[in-house]
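Here is a short tour of one model, written for someone who likes to see the charges first. Please have the viewer open as you read.

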Amino acid sequence: RHLHYPLRRQRQMCIRDSSNKRFVGYETEKNKYDPKVLRKYIFGGHVADWMKEMKEDDPEKFKTQFSRYIKEDITPDKLEKVYTDAHAAIRKSPQLVKTKKPENPVHRKYNLAKLTPAQRRERVIAKLEVLANQLDSEIPK
């Protein structure tokens, strides 16, 4: 009997949370739900408004914040179409398709292997020789 309690509790929570109160567009003071507000959020209207506002107020920050959007030629007016196309693509093929990762990823500098003391010594000597050659070429004869 006690094993079914979590399931029963979960079902009660789902029934309780299935109201419109948890969605954007519900106003607690008026106890009213506006589906137009939710639609605006689903299709990125709030992001488009933010883009327009930032473009007017601080163009430099806009360029850094939305650089990918600018690169893909996505303007605030085109944003709803992007979301509409994305939703259509998901409905057409809802299966998650995993992309293949490159077989030999490029390693970053911070992933270098540790050098032995002898290798470090050789590296320092090579750097000093390069500096000495640069100094010799800069000194007039």
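Which residue forms a salt bridge with Arg39? The partner is Glu80, and the closest N and O atoms are 3.1 Å apart. A salt bridge here is a side-chain nitrogen of Lys or Arg within 4 Å of a carboxyl oxygen of Asp or Glu. Glu80 sits in helix H6 (residues 79-92) and Arg39 in helix H2 (residues 35-42), so this pair ties together parts that are 41 residues apart in sequence. Helices are DSSP runs of H or I with at least four residues, numbered from the N terminus.

**About the model**

This is a predicted model, in which local features need pLDDT of at least 70 and side-chain atom pairs count only at pLDDT 80 or more, while totals for chains, interfaces and linings use all residues. Residues are numbered from 1 along each chain as its sequence is written, and side-chain values use heavy atoms, with hydrogens and water left out.

The predictor's confidence in each residue, pLDDT, runs from 0 to 100. The protein chain averages 83, and 82% of the residues score at least 70. Over residues 1-5 pLDDT stays under 50, and the model has zero contacts for them beyond four places in sequence; a contact means heavy atoms within 4.5 Å. Where pLDDT is low, the predicted coordinates should not be read in detail.

**The salt bridges**

Searching the whole structure turns up six salt bridges, among them the three tabulated here.

| Acidic residue | Basic residue | N to O distance |
|---|---|---|
| Glu80 | Arg39 | 3.1 Å |
| Asp49 | Lys40 | 2.7 Å |
| Asp77 | Lys52 | 3.9 Å |

The pair of Asp77 and Lys52 links distant parts of the chain, 25 residues apart: Asp77 is in the loop between H5 and H6, and Lys52 in helix H3 (residues 45-57).

How accessible are these partners? Buried means under 20% relative accessible area, exposed over 50%, and partly exposed in between (1.4 Å probe, protein chains only). Asp77 is exposed because its relative accessible area is 64%, whereas Lys52 is partly exposed at 38%. Glu80, at 37%, counts as partly exposed, and so does Arg39 at 44%. Asp49 is partly exposed at 35%, and Lys40 is partly exposed at 38%.

**A look at helix H5**

Ile70 lies in helix H5 (residues 67-71). Its relative accessibility is 41%, so Ile70 counts as partly exposed. Neighbours within four places in sequence aside, Ile70 is in contact with Phe62 and Lys63.

Key: Helix = DSSP H or I, 4+ residues; strand = E, 2+ residues; numbered from the N terminus.
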